[in-house]
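Visitor: I would like a close look at a single part of this model, its nonpolar core, together with the strands around that core. Please take me through it slowly, in one connected account.

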Amino acid sequence: GEDGVALVVTVKDDVPTIAEDYEAAANELNEANLYDGTDASAVQPLTATGNLKTEAGIEWGADGGSLTSLSWGSGETAETAAIDPGAGLTLYFGTDGKFSTVDLGVATSGTLFITSSGAYTFTLIENILLSGDGAQSDDLSALNGGLYAHGVDGDGDPVNGEDGVALVVTVKDDVPTIAEDYEAAANELNEANLYDGTDASA
């Protein structure tokens with residue numbers, strides 16, 4: 001007949017993947033290494049660097065792709081900030097450890113800078129003040145309700161679905177110390193030196 005024979009050609013879309021054994025990148029900086037800490041580092045400010053693409057094993061596939069945003073919090077407190085393809089994104093945090101997209105000025109304790117390629121730098125400038133005894137590690141990601149990077153490939157497929165890729169940043173608390181060879185200060189006053197004592201002091 002005139003209809004001929006239909007020929008169907010399909011292309012299966014390639015989608016981004018991450019490594020099956022991926023664990024959230026964990027980056028810790030120690031307050032003790034700050035310029036005024038108990039174990040000050042000669043290199044200031046303190047930084048930790050990495051790349052989510054290699055750490056999470058992100059494969060964009062044939063369509064290419066990049067990271068597009070960071071999100072943190074959940075429910076009514078959830079926030080999302082776009083990662084500029086050229087300039088990247090900087091998150092700031094103050095002494096309470098809470099993230100902000102606004103520069104906190106002198107109240108800034110540190111920053112997290114990330115690019116669309118996945119490269120990031122975690123910087124600690126000043127100490128944070130969170131409650132707790134001992135030299136505990138304060139997980140700023142958990143404090144802010146989780147921190148996740150999101151991205152899409154060239155035709156809009158998301159990496160790791162809506163979950164994104166987790167990023168963990170922690171600050172180890174600095175605690176007061178004393179010298180290991182410290183001996184209790186001994187202070188003695190002599191009654192003999194009282195005004196009516198046997199060896200009255202002038």
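Guide: What follows goes from the core to the strands that supply it, and then to one residue in a short helix. Please keep in mind throughout that this is a predicted model.

The largest nonpolar core holds 31 residues, and among these L70, L112 and F122 touch the most other members. At least two core residues come from each of strand 2 (46–51), strand 3 (65–72), strand 5 (89–93), strand 7 (110–114), strand 8 (119–124), strand 10 (147–153) and strand 11 (165–172). The largest share is that of strand 11, which supplies four residues.

F122 is a good place to look more carefully. Leaving aside residues up to four places away in sequence, F122 touches N27, L29, L46, T47, A48, F93, T111, L112, L140, V169, T170 and V171. This list includes L112, which is, like F122, one of the three core residues that touch the most other members.

Turning to the strands themselves, an open sheet of five strands has the order 2-8-7-5-6, and its pairing is antiparallel. Strand 2 and strand 6 (99–100) form the edges of this sheet, since each of them pairs on one side only. Within the sheet, strand 7 and strand 8 run antiparallel and are joined by five bridges; in this pairing I114 stands opposite Y120 of strand 8.

Strand 10 belongs to a further set of pairings, with strand 3 and with strand 11. Strand 3 and strand 10 run antiparallel and are joined by seven bridges, with S66 standing opposite V152 in strand 10. Strand 10 also pairs with strand 11, again in the antiparallel sense, over two bridges, and here A149 has V165 in strand 11 as its bridge partner. Strand 10 is mostly covered, with five of its seven residues buried.

The last residue to consider is S141, which is found in helix 2 (residues 140–143). S141 has a relative accessible area of 3% and is therefore buried, the cut-off for that word being under 20%. Apart from residues up to four places away in sequence, S141 touches G146, L147, L167, V168 and V169. One of these contacts, V169, is also touched by F122, and this shared neighbour leads from the helix back to the core residue with which the closer look began.

Methods:
Residues numbered from 1 in each chain as written. Predicted model: local features only at pLDDT ≥ 70, side-chain atom pairs only at ≥ 80, totals over all residues. Heavy atoms only, no water. Buried < 20%, exposed > 50% of the residue type's maximum accessible area, 1.4 Å probe, protein only. Contact = heavy atoms within 4.5 Å. Core = buried A, V, L, I, M, F, W, Y, C linked by side-chain atoms within 4.5 Å. Pairing = 2+ DSSP bridges.
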